Amino acid sequence: MEFYVFVAVIAAAFLHALWNSLVKGGSDKYLGMSAVVLGHVPFALLALLFVPLPALESIPYILAGIVLHTGYQIFLLYSYKLGDLTQVYPMARGTAPLLVAGVSVLFLGEVLAGLELLAVFTIAAGILSISLERKRSGARNNGASILAFITGCFIASYSLIDGMGARISGNSLSFYSILSLGNSLLFFLIMLYRNPLVLKRLVLHNKLLFLGSGLASYVAYALVIWAFTLAPIALVTALRETSIIFALVIGTFVLKESISVWRVFSTMMTLMGAALLRFAK
């Protein structure tokens with residue numbers, strides 16, 4: 001992976017952790033997720049003023065991506081209703097790199113060197129090991145674990161679809177901007193049916209959350225989709241999940257959450273995987 005691509009994905013990981021911390025800092029998860037998803041709209045529309053439209057061949061990937069991103073967002077919300085962030089987030093994000101790597105190598109013909117595969121597995125193991133802390137303490141929630149695994153499957157699926165679609169679209173930014181607008185529209189319709197008061201509160205009282213989390217999320221994934229066109233999807237997906245490191249730092253020093261030796265160990269394992277990925281050829 002080229003150094004500038006590596007830096008871009010790390011920046012995306014930081015922004016991903018940032019918007020997650022904004023959502024977690026609020027008491028209403030539906031409001032937070034609505035702010036993130038609908039907050040893409042102004043930035044996607046602005047981007048489309050400056051880039052050419054994607055190739056027609058990428059439209060099926062855009063449509064599939066809209067459904068998969070929305071599915072991910074809905075299942076993530078239900079996961080958080082049953083389980084804690086420290087259980088759901090690591091399991092969902094740690095599952096995705098393993099699934100993407102397997103599908104990429106077995107079915108998409110991508111070739112990963114031995115050190116690259118080791119890096120992917122090390123990053124995934126580091127992230128997943130954080131969720132084991134709850135099991136060691138006797139706190140288990142099987143329902144949340146199942147939903148988190150399904151959420152991870154959605155992450156892996158949209159990563160693969162987005163990566164393939166962006167490569168044939170001719171312009172990754174316009175590809176993602178149209179996908180993001182479609183995702184926002186579908187999510188809006190779902191929330192309009194399920195919880196219209198959330199949308200009202202978002203418009204009237206949470207404009208800063210709307211713009212801040214929307215911008216961070218939009219830029220984060222726009223960088224990732226751009227990276228998909230320059231590096232193997234499996235490697236980009238694994239590196240993106242180092243956002244768990246930034247989430248730990250933000251949670252500890254900004255949100256004042258407790259930290260344990262086990263979490264430090266898991267974070268160091270994830271960092272080691274990122275270092276392996278940087279120097280793998």
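Ser169 is buried in this predicted model, with a relative accessible area of 3%. Ser169 belongs to helix H7, which covers residues 142–169. The side chain of Ser169 has a polar partner: the backbone oxygen of Asn171, reached at 3.2 Å. Beyond the neighbours up to four places away in sequence, Ser169 touches Pro54, Ala55, Ser58 and Phe175.

**The loop between H5 and H6**

Let us move to a loop that holds several residues worth a look. Helix H5 (85–106) and helix H6 (114–136) are joined by a loop, and Glu110 is found there. Glu110 counts as buried because its relative accessibility is 13%, under the 20% limit. What does the side chain of Glu110 make a polar contact with? The partner is the side chain of Arg167, at 3.1 Å. Arg167 also appears among the residues in contact with Glu110 once neighbours within four places in sequence are left aside; the others are Ser104, Val105, Pro232, Ile233 and Ala234.

Leu112 sits in the loop between H5 and H6 as well, and Leu112 is buried at a relative accessible area of 10%. Leaving aside neighbours within four places in sequence, Leu112 is in contact with Val105, Leu117, Pro232, Ala234 and Leu235. For a sense of distance, the C-alpha atoms of Leu112 and Met269 are 20 Å apart in space, with their positions 157 residues apart in sequence.

Is Gly109, in that loop, buried or exposed? Gly109 is exposed, because its relative accessible area of 57% is over the 50% limit. The place of Gly109 is again between H5 and H6. From Gly109 to Ile233 the C-alpha separation is 11 Å, while the two are 124 residues apart along the chain.

**Helix H11 and the nonpolar core**

Ile233, Ala234 and Leu235, met above as neighbours of the loop, are among the buried residues of H11. How many residues of helix H11 (residues 233–240) are buried? The count is eight of eight, and the helix is mostly covered. Also buried in H11 are Val236, Thr237, Ala238, Leu239 and Arg240.

Val236 leads on to the largest nonpolar core, which has 77 residues; Met1 and Val236 are the ones with the most contacts inside it. Helix H10 (residues 207–228) gives the most to this core, with 10 residues. Setting aside residues up to four places away in sequence, Met1 touches Phe6, Ala231, Leu235, Val236, Leu239, Arg278 and Ala280.

Phe6, one of those partners of Met1, is found in helix H1 (residues 3–24). Phe6 is buried, with a relative accessible area of 14%. Not counting residues up to four places away in sequence, Phe6 touches Met1, Leu239, Ala274 and Arg278. The pair Phe6 and Leu239 is 233 residues apart in sequence, yet the C-alpha atoms are 8.0 Å apart in space.

**Leu202 in helix H9**

Leu202 lies in helix H9 (residues 196–205) and is buried, with a relative accessible area of 5%. Which residues are in contact with Leu202, leaving aside neighbours within four places in sequence? They are Leu31, Ser34, Ala35, Leu38, Lys207 and Phe210. Leu202 and Gly32 are 170 residues apart in sequence and 8.8 Å apart in space, C-alpha to C-alpha.

Here are the C-alpha separations mentioned so far, side by side.

| Pair | Apart in sequence | C-alpha to C-alpha |
|---|---|---|
| Phe6 and Leu239 | 233 residues | 8.0 Å |
| Leu202 and Gly32 | 170 residues | 8.8 Å |
| Gly109 and Ile233 | 124 residues | 11 Å |
| Leu112 and Met269 | 157 residues | 20 Å |

**Cavities**

A search of the whole structure finds four cavities of 30 Å³ or more. The second largest cavity is lined by 21 residues, and the closest to its centre are Trp19, His69, Tyr72, Ser217 and Tyr221. About 210 Å³ of space lies in the second largest cavity. Which helices each supply at least two residues of the lining of the second largest cavity? They are H1, helix H2 (29–38), helix H4 (59–82), helix H8 (172–194) and H10. By character, the lining of the second largest cavity divides into 12 nonpolar, seven polar and two charged residues.

Notes: Residues are numbered from 1 along each chain as its sequence is written. This is a predicted model: local features need pLDDT of at least 70, side-chain atom pairs count only at pLDDT 80 or more; totals for chains, interfaces and linings use all residues. Side-chain values use heavy atoms; hydrogens and water are left out. Helices (H or I, at least four residues) and strands (E, at least two) are DSSP runs, numbered from the N terminus. Buried means under 20% relative accessible area, exposed over 50%, partly exposed in between (1.4 Å probe, protein chains only). Contact means heavy atoms within 4.5 Å. A nonpolar core is a set of buried Ala, Val, Leu, Ile, Met, Phe, Trp, Tyr and Cys residues joined through side-chain atoms within 4.5 Å. A polar contact is a pair of N or O atoms within 3.5 Å; within protein, one must be able to donate a hydrogen and the other to accept it, and residues adjacent in sequence count only if both atoms are side-chain atoms. On a 1 Å grid over the protein atoms alone, a cavity is a set of points where a 1.4 Å probe fits but cannot get out, and a pocket is an open set with protein on both sides within 12 Å along at least five of seven lines; lining residues have an atom within 4 Å of a point. Grid points are joined across faces, edges and corners, and a volume is the space filled by probe spheres set on the points. Ala, Val, Leu, Ile, Met, Phe, Trp, Tyr, Cys and Pro count as nonpolar, Asp, Glu, Lys and Arg as charged, and the others, Gly among them, as polar.
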